[in-house]
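Okay, thanks everyone for squeezing in. I'd like to walk you through one structure today, bit by bit, so have a look at the screen.

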Amino acid sequence: MIRTFDYEKVPIVEVVNEILIDAVKRGASDVHFDPHDEHLRVRIRIDGELMDYSFVPNTLKRNLITRVKIIAGMNITESRLPQDGSIKTNLKDTNLDLRVSSLPTNLGEKIVIRILDYTMSLKGLEYLGFSEKNYRKISEIIKVPNGIILVTGATGTGKSTTVYAILQKLNSRDRNLIAVEDPIEMELDGINQVKVNSDIGLTFANCLRSILRQDPDIIMIGEIRDVETAKIAVRASITGHLVLSTLHTNNSLNTIERLLDMNVERYLLASALTGIVSQKLARKLCSKCQKLRAVNEYEKAIFKTVLGIDINEIPTAGSCGACSNGYKGRVAIHEVLEINQNIRDAIADGVRKDILRELVYKSDVTTLLQDGLEKVIAGETTLEEILKIIEFEDEGAVDIKDKDNALRNAIIDSVKSGNQPDKKTSDKTNNYDDSVNYKETFEEKTEIPELLL
């Protein structure tokens with residue numbers, strides 16, 4: 001529902017305050033102020049989905065943008081260059097911890113406000129949605145005295161939340177913990193936190209060199225962004241330090257490949273890498289209105305192929321006043337890889353990608369797709385959400401047999417498009433038989449990725 005304000009009676013200061021407070025109360029992660037010819041469109045992102053919130057007249061657009069920049073400590077006279085700012089205050093008994101970014105566009109400045117919420121980190125690692133198996137593995141990984149542990153995923157998938165939760169778990173009086181961040185997103189008692197400032201030469205790499213002379217036990221690097229930082233982080237981890245960091249990759253295999261592409265020496269990476277936690281976020285089903293529905297042949301084949309079990313019913317979204325289209329909140333989907341000796345040897349020896357893939361995904365690892373499907377069965381999310389955020393091509397555990405060729409093609413095309421195959425295709429594949437030739441039915445299908453052959 002679009003919200004309207006009486007701009008003749010309500011000052012722009014109060015309008016901005018109300019937008020921010022309401023966004024926080026609704027559980028939004030971001031607030032967007034998008035300039036248009038006719039108005040300034042305000043949108044909020046809830047559970048990963050952007051939705052219209054309000055429209056501000058063009059006559060007040062500049063006033064609103066200026067107000068946001070003032071409280072964020074940004075330069076209100078500069079509108080030609082991007083800027084960053086932050087807001088940390090209390091409004092109407094609501095604590096606000098916000099990051100503000102401005103971007104000049106052809107229609108004026110676009111402002112995006114990121115709402116930081118680290119209540120899950122403060123609760124602890126056990127509240128982040130890890131399965132029992134994955135929680136046990138990550139608990140073992142963080143016990144090692146040295147090495148590098150990476151939390152990976154796309155922007156906005158909760159990497160910082162997981163890293164902070166791990167730091168909370170490791171934070172004790174007998175350890176010296178130092179974190180290098182840009183920016184410092186959450187202040188933690190007992191941890192020495194350094195804010196990177198590239199303008200004066202205080203980069204991740206320069207900080208790390210000095211930190212190694214500060215007698216650290218555990219080092220946290222906000223993000224590995226360049227070759228120099230990657231190399232120093234790896235070298236620090238093999239000299240008796242435990243290093244935590246984040247990286248923008250999709251899964252465990254991509255993480256290893258990315259570090260090798262950053263020219264990290266193979267023998268160092270093989271020795272240093274301890275564990276990789278890859279994660280994505282899916283919308284969480286509302287517990288009050290979710291219901292069961294029967295699976296079709298395609299969905300049944302997915303569960304059978306990936307988990308090896310027969311599923312006849314899965315939960316789906318309902319609708320009630322307490323949620324948004326059947327979803328409320330988000331749930332994390334994890335892949336936790338503990339680096340074993342076989343994988344270390346393969347990295348050091350420079351084996352082919354297909355061999356490394358087999359070693360990674362034939363080890364004791366639950367892939368993102370497997371973890372997601374398990375959470376579908378548990379009623380935490382829906383199959384539609386999982387297939388929207390995870391592609392078969394990214395998964396090493398998918399192995400659909402040749403005899404199921406027609407069904408395999410239908411599943412892959414369905415996943416790629418985000419939709420179920422049309423009825424004509426469905427009718428021809430629902431009751432497939434080994435003796436039937438489906439070549440004509442699927443002759444126009446795209447080539448099957450090598451991973452699925």
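I'll start with the overall picture, then go through a few elements, and finish with some charged side chains.

First thing to keep in mind: this is a predicted model. The protein has 453 residues, and buried ones make up 49% of them. You'll see 16 helices and 15 strands. If you take the contacts between residues at least 6 apart in sequence, 65% of them join residues at least 24 apart.

Okay, helix 1. It covers residues 12-25. How far apart should its ends be? With 14 residues at 1.5 Å a residue, the span should be 20 Å, and the end C-alpha atoms are indeed 20 Å apart, so that agrees. Its buried residues are I12, V15, V16, N17, I19, L20, I21, D22 and A23. Notice that N17 and D22 are on that list too. Just after the helix comes G27, with a positive phi of about 80°.

From there, let's move on to the strands. Strand 1 is residues 28-35 and strand 2 is residues 39-46; they run antiparallel, with seven bridges joining them. The two make a hairpin, with three residues in between. Strand 2 then pairs with strand 3, residues 49-57, again in the antiparallel sense, this time over eight bridges. That's a hairpin as well, with two residues between the strands, and D47 in the turn has a positive phi of about 55°. If you want a landmark in that pairing, find I44, which stands opposite M51 in strand 3.

Now stay with D34 for a moment. Across from D34, in strand 2, is R41. But which residue does D34 form a salt bridge with? The partner is R43, and the closest N and O atoms are 2.7 Å apart. D34 and R43 are both buried.

Compare that with a pair further along the chain. K388 and E49 form a salt bridge, with 3.3 Å between the closest N and O atoms. K388 is in helix 14, residues 383-389, while E49 is in strand 3, so this pair ties together parts that are 339 residues apart in sequence. How accessible are the two partners? K388 has 49% relative accessibility, so it counts as partly exposed. E49 is partly exposed too, with a relative accessible area of 31%.

One more pair while we're on this: K143 and E140, whose side chains meet in a salt bridge at 3.4 Å, N to O. K143 is at 59% relative accessibility, so that one counts as exposed, and E140 is partly exposed at 42%. There's also a network, where salt bridges with shared partners join R3, E18, D22 and R26. Over the whole structure, the search finds 25 salt bridges.

Which brings me to a charged residue that doesn't have one. E181 is in strand 8, residues 177-181. E181 is buried, yet has no salt bridge. Where's the nearest side chain of opposite charge? That's R99, and R99 is 7.9 Å away. The cut-off for a salt bridge here is 4 Å, so R99 doesn't count as a partner for E181. What E181 does have is a polar contact of 2.8 Å with the side chain of Q193. Leaving out residues up to four places away in sequence, E181 touches Y164, Q193, V194, K195, V196, F204 and M220.

Last stop, helix 2 and what comes after it. Helix 2 has 14 residues and reaches 21 Å from first C-alpha to last, close to the expected 20 Å. Its buried residues are L60, K61, L64, I65, V68 and K69; yes, two lysines are in there. Just after the helix, G73 takes a positive phi of about 75°.

Then there's M74, in the loop between helix 2 and strand 4. Buried or exposed? M74 has a relative accessible area of 8%, so it's buried. Beyond the residues up to four places away in sequence, M74 touches K69, Q83, D84, G85, V100 and S102. S102 is 28 residues from M74 along the chain, with 9.2 Å between their C-alpha atoms.

That's my tour. Happy to go back to any part of it on the screen.

Key
Residues are numbered from 1 along each chain as its sequence is written. This is a predicted model: local features need pLDDT of at least 70, side-chain atom pairs count only at pLDDT 80 or more; totals for chains, interfaces and linings use all residues. Side-chain values use heavy atoms; hydrogens and water are left out. Helices (H or I, at least four residues) and strands (E, at least two) are DSSP runs, numbered from the N terminus. Buried means under 20% relative accessible area, exposed over 50%, partly exposed in between (1.4 Å probe, protein chains only). Contact means heavy atoms within 4.5 Å. The expected span of a helix is 1.5 Å times one less than its number of residues. Two strands pair if DSSP finds at least two bridges between them. Lys and Arg count as positive and Asp and Glu as negative; His and the chain ends are not counted. A polar contact is a pair of N or O atoms within 3.5 Å; within protein, one must be able to donate a hydrogen and the other to accept it, and residues adjacent in sequence count only if both atoms are side-chain atoms.
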